Amino acid sequence: MYRISKRFEYAAKIWGREIDKFIESAINSFGSSMFIMGLYYKRPNWAWPRWLRSQLEPGSRGFEPAQLMPFRNVHFKDWGMVGTVQGTNEAMIDPTMLFVTRKNVAFEVWVYDGSRLYMPGLHGSFKQYLERPGYPVIINEWDLGALRVIARSTVANRSGIDVLITDVRLIGLPGNYVIYLVTRPYNVDHIVEVKSAGVEGDGWFITIDGELVLTTDQEPAQFGSYNVNKDASEDAVLGRLNSELYVNDDLGWAHAALGFNAVINTYGEWKMRVKAPIDSLRNTPHNRALIKAVDDSDVKAELHNWDTINERAFSISVGDSIIGDVTRQSIANLVMLWDGGRITPGPLIYHIFWVRDGSYMATALTKSNLIDMGKAVVEELLRRIDPSGYFKAVDFELREYDANGQVLWAVSKYVQLAGDYESLKRWYPIIRRGIEWLEANRELTGDESIRGLLPPSWSAEDTGPMDHHYWDDMWAIAGLRELGRVIRGISHEDYDWIERLRREFTDALINSINVVRSRLGIDYMVPAPERVADSAMTRVIAVVWPTMALPLDNPLIRRTLEMTEELYGINGGIVNTHQWGTYGSYLTMNLAHSWAILGDRDRVSRYLTWIINHVSPTYGWAEGISIITERGGQGDAPHGWAAADFIMLIRDLVINDEFETPILLRGMPIELLRRGITASNILTIYGLVKGVNASMKGKEVAINYYGPGKPITDGQYELLIDSPIIPKEVYCDGCKYEVVSSNIIRVIHSGKFNARILSP
């Protein structure tokens, strides 16, 4: 046992951690940071990642004093991701030409022109973009003035192994150059430990810790292996490598390099293909032959798989806006993070299954009309149940008591959208155990403000220390409500029990809120009975979206959103200070979605503008956005919850089926309508809407709708239009209508109609 202070012991208790693991983590983190700090200041000329240099150089916008030990990426998480439809791992590609295929496997491209070595960490400018949104193809450009390096990265699959295919082109002045491919003991997020590295002459593969890293379609002219005593950059700067085939390094700085003679002729171009296994693959003759055999037919086959995804998925275009492209890529990011059932909120540090993110991402997949993928995740969620009936939130020990409500919500949303009541019957014994856990684990004693709530939990990590977080109870209410809706439709005997439990949770939540409001003298919700208004307010907005835990006409709802904006809204985004210290990408989307549900188009417009302005070059978001650089600053990227949130926000702006009657254009910003909106493949709880076109010119709104709505009689459907203008006249072809309030129009149709709305 370590000798520790009482403060350290108490800190572990506050944060719900086992003391020994808490200490071990703190010590190892400190030691690793001190190691990197020492190396950096002793060898600043080495090849260091640009994100690290940017954080340690005082002229950089992301500068952090070394005493704060910023030896992981805290300001520049803008990397893109490529992966296959069925694969379990993804490759990450940083805008500054760092290619990462696994957590401890990364490589860079360097250029030697005969007198100078160019490294991405030190030289040139960079550009990164998608070749085509919705497909795993990323283009990187590295501009060195007289020279440019262009890399096109995509994926292939051969015999179940996913492979990164990167075609490298060197363009510029004619001459003789050396191109180096060099593995690095760091990735896009942090420094890693690599204990061994080498070069396998049979096929010219670089290996790390006995696994294949990369090979090329050309034979190298140089090779070398290095450790902490000398970085490859110290030899490459002289235009040659050390010719060592293999190296071990207990300090974890092992790396290897290949050098290629690159002659740019009068055509001004030199090309090379790199093949890098994304999945872990041992260094054997069979596996080397397998990777060598990957060719264009494998790439073409995988891109065809993506054609199939894009043809059936929800899609939208909004005039000259990138919203449609971002939506398409958000769906692609979810598909890449989908692992055949398991789904992960990120490709690197979050490459693990969480109930919270999995529930949300499963629902977004289903709403994207990728029903089979959504179902596979739901079935994985149900497998997470433990003997007590608790859905184990993550693979390690962590009390996150939002989990049971989220699973019930995701299961119910899937059943509503897919109409799959047969699966519901098969799953129900597991579901019932989850409900019983919710009923059995409520607080029965203690202060009036906690009675009836779930126990203290870690909840969502950004809520801060363990408390009776309302976030958990709101999810319990949402899960029970949605489950009640689906079993009521089949007259299930448990409906009354589930509805009673939902009412009890709701009453307990309202009672707790009122007790705390009276105690604090406030007119809004705080995050937990133990709290005052703090950064976890950014989770309390879930009372509208995604949980809709309290009636929307409750004045407390709007006031809570307003207070969250007032306290934690900065420059158009919402900031979380607990744990993150960044803007919350999906937290800002949650707020936009909540205001959309409440019909506030102006606020939706403001937050949606911020969201689009902070998307990465490859149309994703990190979990948190740095306040300093306004680029990715927290968690993994592209983050799965953020992708899911964006998809559901945009989809619900077109048609929202969370209400008793589906409603068109609820919260849709007027400037988007003026650009013109076309959406297709919109799966709703009433069926698939094939298409919606909506536009606004002057004082006229035009809508073309093709799909069902809420059934009212045989072949007749009902829906509402939330008109952005007060209707003076309405013309409807294929429908009957009535104006039911100042701007809400009720439409009855038979599956297809055209409408024009005119204002005074």
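**Salt bridges and helix α12 in the predicted model**

R756 is partly exposed, with a relative accessible area of 35% (buried denotes under 20%, exposed over 50% and partly exposed the range in between, with a 1.4 Å probe and protein chains only). Salt bridges that share partners join K367, K413, R481, E482, R485, R651, D652, D657 and E658 into one network, a salt bridge being a side-chain nitrogen of Lys or Arg within 4 Å of a carboxyl oxygen of Asp or Glu. The model is predicted, so local features require pLDDT of at least 70 and side-chain atom pairs pLDDT 80 or more, whereas totals for chains, interfaces and linings use all residues. Residues are numbered from 1 along each chain as its sequence is written, and side-chain values use heavy atoms, without hydrogens or water.

Across the whole structure, 59 salt bridges were found. R651 and D657 form one of them, at 2.9 Å from N to O; R651 is buried at 0% relative accessibility, and D657 is likewise buried at 6%.

The side chains of E700 and R756 also pair, at 3.3 Å from N to O. This contact links strand β30 (residues 700–706), which holds E700, to strand β34 (residues 744–758), which holds R756, 56 residues apart (strands are DSSP runs of E of at least two residues, helices runs of H or I of at least four, numbered from the N terminus). E700 is partly exposed at 27%.

Helix α12 (residues 470–488) comprises 19 residues, and its end C-alpha atoms lie 27 Å apart, in agreement with the expected 27 Å (1.5 Å times one less than the number of residues). Of these 19 residues, 17 are buried.
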